[in-house]
Amino acid sequence: MSTSRFVDKLWEILRGRRRRPYDADQLAAAFPPPAAQAATFQETCVAHPGAYASGAVLGVHTTKKVGNNREESCKVYDASNKLLGTTYRTTYGFYGTPPQVNPPAQSAR
């Protein structure tokens, strides 16, 4: 079986099961859902919510700054606006530390 076929089959099976968000994050890190392979987390959430939960028709992407890290979330809903699940992704050090700016040296006079 090819790698792409394996990943497709893996996510086909997982879409129909309830799982904890960190399980999905671990699997997505190792085997990105097919729709996520060529798109950003945000694009996949909004354009392909079904990649995150079976029956999802709406994906809502949000970001928030936590220290120097950026936390993204994707909440997916079915056609009756029932929340089907939330997937989180943290980019550690996204905002970085601002560079230290030293004033110019003063000459002794």
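Where in the chain does A51 lie? In this predicted model, A51 is found in the loop that runs between helix 3 and strand 1, and the sections below place that loop residue within the fold, the sheet, the core and the disulfide.

## Overall fold

The secondary structure of the chain consists of three helices and three strands, and these follow one another along the sequence in the pattern α-α-α-β-β-β. The chain has 109 residues, of which 25% count as buried. Among the contacts in the chain with a separation of 6 or more, 34% are accounted for by residues 24 or more positions apart.

One pair of residues from separate parts of the sequence involves A51 itself: A51 and L14 are 37 residues apart in sequence, while their C-alpha atoms are 9.6 Å apart in space.

## The antiparallel sheet

The three strands form an open sheet in the order 1-2-3, with antiparallel pairing. Its edge strands are strand 1 (58–66) and strand 3, each of which pairs on one side only, and the twist from one strand to the next averages 20°. As a general matter, strands of a sheet pair through backbone hydrogen bonds, in either a parallel or an antiparallel manner.

Strand 1 and strand 2 pair over nine bridges in the antiparallel sense, and within this pairing G59 has V76 of strand 2 as its bridge partner. Strand 2 and strand 3 (residues 83–91) are likewise antiparallel, pairing over eight bridges. Here V76 has G85 as its bridge partner in strand 3, and E72 has R89 of strand 3 as its partner. V76 thus appears in both pairings, bridged to G59 and to G85.

## The two hairpins

In the hairpin of strand 1 and strand 2 there are two residues between the strands, and G67 takes a positive phi near 65°. The hairpin of strand 2 and strand 3 has five residues between the strands, and in this hairpin N81 takes a positive phi near 65°.

N81 has this positive phi, about 65°, although it is not a glycine. The residue lies in the loop between strand 2 and strand 3, and its relative accessibility of 57% is over the 50% cut-off, so N81 counts as exposed.

## The nonpolar core

Nine residues make up the largest nonpolar core, namely F41, C45, A51, Y52, A53, A56, C74, V76 and L84. Helix 3 and strand 2 each supply at least two residues of this core. In soluble globular proteins, nonpolar side chains tend to be buried together. A51, the loop residue with which this report opened, is a member of the core, and because its relative accessible area of 5% is under the 20% cut-off, A51 is classed as buried.

Another member of the core is F41. When residues up to four places away in sequence are not counted, F41 touches Y52, H61, E72, S73, C74, T87 and R89. Two of the residues in this list, Y52 and C74, are themselves members of the core.

## S73 in strand 2

S73, one of the residues touched by F41, has its place in strand 2. With a relative accessibility of 8%, which is under the 20% cut-off, S73 counts as buried. Its side chain is joined to the side chain of T62 by a polar contact of 2.5 Å.

Leaving out residues up to four places away in sequence, S73 touches F41, V60, H61, T62, T86, T87 and Y88. T62 therefore appears both among the residues that S73 touches and as its partner in the side-chain polar contact.

## The disulfide

The count comes to one disulfide, formed by C45 and C74, whose sulfur atoms are 2.2 Å apart. That separation is within the 2.5 Å cut-off, which is why the pair is counted as a disulfide. The link of C45 and C74 is right-handed, with 90° about the S-S bond. It connects distant parts of the chain, since C45 is in helix 3 (residues 41–47) and C74 is in strand 2 (residues 69–77), 29 residues apart.

Both cysteines are members of the largest nonpolar core. C45 has a relative accessible area of 0% and is therefore buried, and C74 is also buried, its relative accessible area being 0%.

Key:
Residues are numbered from 1 along each chain as its sequence is written. This is a predicted model: local features need pLDDT of at least 70, side-chain atom pairs count only at pLDDT 80 or more; totals for chains, interfaces and linings use all residues. Side-chain values use heavy atoms; hydrogens and water are left out. Helices (H or I, at least four residues) and strands (E, at least two) are DSSP runs, numbered from the N terminus. Buried means under 20% relative accessible area, exposed over 50%, partly exposed in between (1.4 Å probe, protein chains only). Two strands pair if DSSP finds at least two bridges between them. A nonpolar core is a set of buried Ala, Val, Leu, Ile, Met, Phe, Trp, Tyr and Cys residues joined through side-chain atoms within 4.5 Å. Contact means heavy atoms within 4.5 Å. A polar contact is a pair of N or O atoms within 3.5 Å; within protein, one must be able to donate a hydrogen and the other to accept it, and residues adjacent in sequence count only if both atoms are side-chain atoms. Axes are lines fitted to C-alpha atoms, for helices over the stretch in contact, and angles run from 0 to 180 degrees between N-to-C directions.
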